[in-house]
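Please look over the sequence and the structure shown here before reading on. The report that follows takes up the surface, the core and the aromatic rings.

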Amino acid sequence: IGRLFKEQTGETFSEYLNLIRISRAKQLLADTHAQIIEIALECGYNNVTYFNRVFKKITGLSPGDYRKKKHRNIDINR
């Protein structure tokens, strides 16, 4: 199944799942004041260090830096 998934999508199921999870995490970081560990857990990551690593690999920013950037942009746009 994994091989078929990669053939059809061009990415592994794990990569796809991480993209979905990090997309949700980005939304929570931008729209809530929940702690990063709470967001990691809600998005399916039991290890916050691993969550931070995956988040940075996908977005280029740490979760904290992403939140700061999003909140600065919201303040500027008001």
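## Surface, core and rings

Ile20 is partly exposed, with a relative accessible area of 45%, where buried means under 20% relative accessible area, exposed over 50% and partly exposed in between (1.4 Å probe, protein chains only). This is a predicted model, in which local features need pLDDT of at least 70 and side-chain atom pairs count only at pLDDT 80 or more, while totals for chains, interfaces and linings use all residues. Residues are numbered from 1 along each chain as its sequence is written, and side-chain values use heavy atoms, with hydrogens and water left out.

Ile20 is found in helix H2 (residues 13-31), helices being DSSP runs of H or I with at least four residues, numbered from the N terminus.

The largest nonpolar core, a set of buried Ala, Val, Leu, Ile, Met, Phe, Trp, Tyr and Cys residues joined through side-chain atoms within 4.5 Å, has twelve residues, including Ile22, Leu28, Phe51 and Phe55. H2, helix H3 (36-42) and helix H4 (48-59) each supply at least two residues of this core, and H2 gives the most, with four.

A search of the whole structure finds seven aromatic pairs, counted when the ring centres of Phe, Tyr or Trp (its six-membered ring) lie within 6.5 Å, with planes under 30 degrees apart called stacked, over 60 edge-to-face and the rest tilted. Two of these pairs are set out below.

| Pair | Centres | Planes | Type |
|---|---|---|---|
| Phe5 and Phe13 | 5.5 Å | 80° | edge-to-face |
| Phe51 and Phe55 | 5.8 Å | 50° | tilted |

Phe51 and Phe55 are both buried.
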